[in-house]
Amino acid sequence: MQASIDKPTALRHQARGISGGRQVPDGIVGHAPRFAEILERIDRVSATNATVLITGETGTGKELVARAIHRRSRRSSHAMVSANLAVLPKELVASELFGHEAGAFTGAFQKRIGRFEAANAGTLFLDEVGELPLGVQVTLLRALQEGEFERIGSNQTTTVDVRVIAATNRSLEEAVEDGLFRSDLFYRLAVFPIHLPPLRERREDISGLADHFLARLANRLGREFSGIEPESMTRLVEYSWPGNIRELQNVIEHSAILSNGGILQVPPVLLSTRVTRPTMVSSLSDAMDAGERRLIEQALEETNGRVYGPTGAAVRLGIPSSTLESKIKRHRINKHQYRTSAA
């Protein structure tokens with residue numbers, strides 16, 4: 001995820017990324033007030049072996065922060081191994097993380113080391129850790145606390161020295177309340193939490209991020225760009241960015257491919273569906289917000305305040321859980337008031 005950009009551009013972004021005399025880790029662009037605290041936390045935790053839990057919506061740059069922490073740590077000369085728990089089949093998670101012996105299960109034709117062993121002396125990044133099956137959580141807790149585990153099919157203990165950085169786009173506290181995540185594992189993972197705000201809450205950084213992505217694309221596409229036209233930049237800043245930084249990168253790349261160079265123009269059609277328009281009639285906007293709030297409250301009431309899972313409000317409303325969480329926060333809805341004693 002680290003960018004390869006020309007020296008003048010690198011120096012420009014490096015200057016933007018200095019807050020209070022501190023240099024931003026490579027590949028991270030930001031100078032919004034809320035971002036300064038994040039940079040401070042990255043600085044403080046990088047030199048330790050503490051377990052880090054990075055939270056934030058999809059596309060906010062959680063893996064980038066994890067890599068920055070690893071690069072600045074004493075383990076940087078060793079590997080950072082990643083495991084996205086959301087894409088691993090549930091029945092294979094334990095084998096992927098801790099390995100297995102030959103013949104341990106059907107299809108296990110040979111011994112295989114897991115990602116914990118592969119990350120020995122380095123860092124293991126557990127992305128979407130909230131998707132970890134309950135049955136594997138006990139093994140992970142022991143590996144974190146004792147630095148040891150057994151491969152599947154083995155009775156011999158394997159000892160490792162691994163720093164774990166975990167990330168999630170869901171509320172682990174709510175998963176604990178719902179019995180989907182162990183509280184002891186949550187507290188072991190969240191020794192040092194870092195929360196990444198959505199892009200709509202750090203609009204001051206949109207122009208810097210857009211320039212950063214354009215500089216990367218200029219090298220890759222072999223074209224020269226002198227900047228982004230003011231009208232396009234205004235649209236970028238006004239857009240709500242439900243896909244956060246990843247969506248911004250996608251829009252800039254799409255626009256750059258359509259351009260021959262010079263001043264980059266962002267086609268309005270790429271953003272027109274969700275741009276916040278100040279000229280919108282306020283009564284219509286208020287009515288839509290009120291209607292959305294009523295639907296969310298009704299769904300929460302029918303699901304006893306549960307957001308996640310097959311019986312949660314997100315499934316009932318047909319939207320991602322992370323999106324519903326954002327809407328609950330925007331409308332300042334107390335989802336816990338819908339919990340019943342029976343639930």
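Reader: Hello! Which elements do the buried residues of α10 pack against?

Author: Welcome! This is a predicted model, and in this model the buried residues of α10 pack against α9, β10 (225-228), α11 (244-258) and β11 (262-264).

Reader: Which residues of α10 are buried?

Author: They are S232, M233, R235 and L236. The word "buried" is used for a relative accessible area under 20%.

Reader: What puts these residues on the same side of α10?

Author: Look at the arc they span. The buried residues cover only 160° around the axis, so they share one side of α10. A general point helps here: an α-helix has 3.6 residues a turn, so residues three or four places apart point the same way.

Reader: How are α9 and α10 placed relative to each other, and what makes them oblique?

Author: Two packed helices are described by the angle between their axes and the distance between the axes. Helix α9 (residues 206-221) and helix α10 (residues 230-238) pack at about 120°, and their axes are 9 Å apart. Roughly perpendicular covers 65 to 115 degrees and roughly antiparallel begins over 145, so an angle of about 120° belongs to neither class. The conclusion is therefore that α9 and α10 are oblique to each other. Their crossing is right-handed.

Reader: Which residues meet between α9 and α10?

Author: From α9 come I206, S207, A210 and D211, and they meet M233, L236 and V237 of α10. By character, the residues of this contact divide into five nonpolar, one polar and one charged.

Reader: What about α9 and α11: why are they called oblique?

Author: The same steps work again. These helices pack at about 45°, with axes 9 Å apart. Roughly parallel needs an angle under 35 degrees, and roughly perpendicular starts at 65, so about 45° falls between the two. That makes α9 oblique to α11. The crossing of α9 and α11 is right-handed.

Reader: Which residues of α9 meet α11?

Author: I206, L209, A210, F213, L214, R216, L217, R220 and L221 do, and their partners in α11 are I245, L248, Q249, I252, E253, A256 and I257. In this contact, 12 residues are nonpolar, one is polar and three are charged.

Reader: How do you know that α2 and α3 are oblique?

Author: Try it with the cut-offs you just saw. The axes of helix α2 (residues 33-46) and helix α3 (residues 62-71) come within 9 Å and cross at roughly 40°. Since under 35 degrees is roughly parallel and 65 to 115 is roughly perpendicular, an angle of roughly 40° is in neither class. So α2 and α3 count as oblique to each other. Here α2 passes α3 in a right-handed crossing.

Reader: Which residues make the contact of α2 with α3?

Author: I42, V45 and S46 in α2 meet V65, A68 and I69 in α3. Five of these residues are nonpolar, one is polar and none is charged.

Reader: Now some single residues, please. Why is E117 called buried?

Author: E117, which is found in helix α5 (residues 115-118), has a relative accessible area of 17%. The cut-off for buried is under 20%, so with its 17% E117 is buried. Beyond its neighbours within four places in sequence, E117 is in contact with F98, F149, R151, T158 and V160.

Reader: And what makes Q156 exposed?

Author: Q156 sits in the loop between β6 (148-150) and β7 (157-159). Exposed means over 50%, and Q156 has a relative accessible area of 58%, so Q156 is exposed. Leaving aside neighbours within four places in sequence, Q156 is in contact with F149 and E150.

Reader: How do you know that N304 is partly exposed?

Author: Partly exposed is the range between those two cut-offs, 20% and 50%. The relative accessible area of N304 is 27%, so N304 is partly exposed. This residue lies in the loop between α12 (282-302) and α13 (313-317). Phi of N304 is near 55°, a positive value in a residue other than glycine.

Reader: Is R332 buried or exposed?

Author: R332 has a relative accessible area of 75%, so R332 is exposed. You can find R332 in the segment after α14 (321-330). R332 has a positive phi of about 55°, although it is not a glycine.

Reader: Finally, how many helices and strands does the chain have?

Author: The chain has 14 helices and 11 strands. Of its 343 residues, 44% are buried.

Terms used:
Residues numbered from 1 in each chain as written. Predicted model: local features only at pLDDT ≥ 70, side-chain atom pairs only at ≥ 80, totals over all residues. Heavy atoms only, no water. Axes fitted to C-alpha atoms, helices over the stretch in contact; angles between N-to-C directions. Helix = DSSP H or I, 4+ residues; strand = E, 2+ residues; numbered from the N terminus. Left-handed = near helix turned anticlockwise from the far one by under 90°. Contact = heavy atoms within 4.5 Å. Nonpolar A, V, L, I, M, F, W, Y, C, P; charged D, E, K, R; others polar. Buried < 20%, exposed > 50% of the residue type's maximum accessible area, 1.4 Å probe, protein only. Arc of directions from axis to C-beta.
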